[in-house]
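Here are my notes on this structure, set out as numbered points for someone who has not met it before. Please read them with the model open beside you.

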Amino acid sequence: MRKASLLTLFIIYAVAHAAAQVSFTTSQKRVSPTEIDVTFTGSMDFDMHVYSTDIPKGGPAPASFGYDSATGIQPEGALRPGGGAREAFEPLFGMTLTFFEGQCSFTQRLKLTARDYAMKAYLRYSACNSRACLSLPPVEVSIEGHDGPEAQAAAFPAAEDKGKDAAGD
């Protein structure tokens, strides 16, 4: 029983320590009446690095965007890594990989398809140092609003409706 308790405490410490080495924030930016960019911005301790999106088979898990639920909104295109990535041979995996050190960012464009929209989404990523890789929880984000394309159309009448009076002339 005592060994199990010590093992549980060690696991809790390891996860908390790993979480302290890599942290992310999220932000959302409206880029058009029907599109939103969600950006995940990460910072990591000096000896850690986060892998990019283009990782070959046999390497660490690449950064990826996913979602649990979505209504009136959908991903458009692939997750885009920000600048500052470097490419180097990783002895831990025996291959050349693309990764970030110090800071990273990943952006996912989302297309609004209805006036009311909501999405529960996440970023999955791998973080390693020269000795080991960490199993970290995904970075979660919620996106919701009531200003999707149908709301935009109601605010701005279509071109063919302009100039008509109530009688239809």
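1. The largest nonpolar core has 27 residues, and among these Val22, Phe24, Phe106, Leu123, Tyr125 and Ile143 touch the most other members. A nonpolar core is here a set of buried Ala, Val, Leu, Ile, Met, Phe, Trp, Tyr and Cys residues joined through side-chain atoms within 4.5 Å; buried means under 20% relative accessible area, exposed means over 50%, and partly exposed lies in between, with a 1.4 Å probe and protein chains only. Two or more residues of this core come from each of β1 (22-32), β2 (35-44), β9 (103-112), β10 (117-124) and β13 (139-145). A second core, separate from the one above, has seven residues, including Tyr51, Ile55, Ala88 and Phe99. As a general background, nonpolar side chains tend to be buried together in soluble globular proteins.

2. Some words on the basis of these notes. The model is predicted, and local features need pLDDT of at least 70, while side-chain atom pairs count only at pLDDT 80 or more and totals for chains, interfaces and linings use all residues. Residues are numbered from 1 along each chain as its sequence is written, and side-chain values use heavy atoms, with hydrogens and water left out.

3. On the overall make-up, the protein has two helices and 13 strands, where helices (H or I, at least four residues) and strands (E, at least two) are DSSP runs numbered from the N terminus. Buried residues account for 34% of the 169 residues. The accessible surface comes to about 10200 Å², and 55% of it belongs to carbon and sulfur atoms; these areas come from the Shrake-Rupley method with a 1.4 Å probe, and for residues only the protein chains shown count as cover. Of the contacts (heavy atoms within 4.5 Å) with a separation of 6 or more, 73% are between residues 24 or more positions apart.

4. Which strands pair with β10 in the antiparallel sense over seven bridges? Strand β4 (residues 64-71) is joined to β10 by seven bridges, and the two run antiparallel; β10 and β13 also pair in the antiparallel sense, over seven bridges. Two strands are taken to pair if DSSP finds at least two bridges between them. On the β4 side, threonine 71 stands opposite alanine 118 of β10, and on the β13 side, glycine 145 is the bridge partner of tyrosine 117.

5. The whole structure holds five salt bridges, each being a side-chain nitrogen of Lys or Arg within 4 Å of a carboxyl oxygen of Asp or Glu. In one of them, arginine 30 meets aspartate 147, with the closest N and O atoms 2.9 Å apart. Arginine 30 lies in strand β1 and aspartate 147 in the loop between β13 and α2 (149-155), so the pair ties together parts that are 117 residues apart in sequence. Arginine 30 is partly exposed at 31% relative accessibility, and aspartate 147 is partly exposed at 32%.

6. Arginine 109 forms a salt bridge with aspartate 37, and here the closest N and O atoms are 2.7 Å apart. Because arginine 109 lies in strand β9 and aspartate 37 in strand β2, this pair ties together parts that are 72 residues apart in sequence. Is each partner buried or partly exposed? Arginine 109 counts as partly exposed at 22% relative accessibility, whereas aspartate 37 counts as buried at 10%.

7. Aspartate 47 forms a salt bridge with arginine 131, the closest N and O atoms being 3.8 Å apart. Aspartate 47 lies in the loop between β2 and β3 (49-51) and arginine 131 in the loop between β11 (127-128) and β12 (133-134), so parts 84 residues apart in sequence are tied together. Aspartate 47 is partly exposed, at 26% relative accessible area, while arginine 131 is exposed, at 60%. Elsewhere, Asp37, Arg80 and Arg109 are joined into one network by salt bridges that share partners.

8. Finally, Tyr51, Phe93 and Phe99 form one aromatic cluster. Rings of Phe, Tyr and Trp (its six-membered ring) pair if their centres lie within 6.5 Å, and planes under 30 degrees apart count as stacked, over 60 as edge-to-face and the rest as tilted. The structure holds five aromatic pairs. In the pair of tyrosine 51 and phenylalanine 93, the ring centres are 6.0 Å apart and the planes are at 90°, so the pair is edge-to-face. Tyrosine 51 counts as buried at 0% relative accessibility, whereas phenylalanine 93 is partly exposed at 22%. Tyrosine 51 also forms an edge-to-face pair with phenylalanine 99, at 6.2 Å centre to centre and 70° between the planes.
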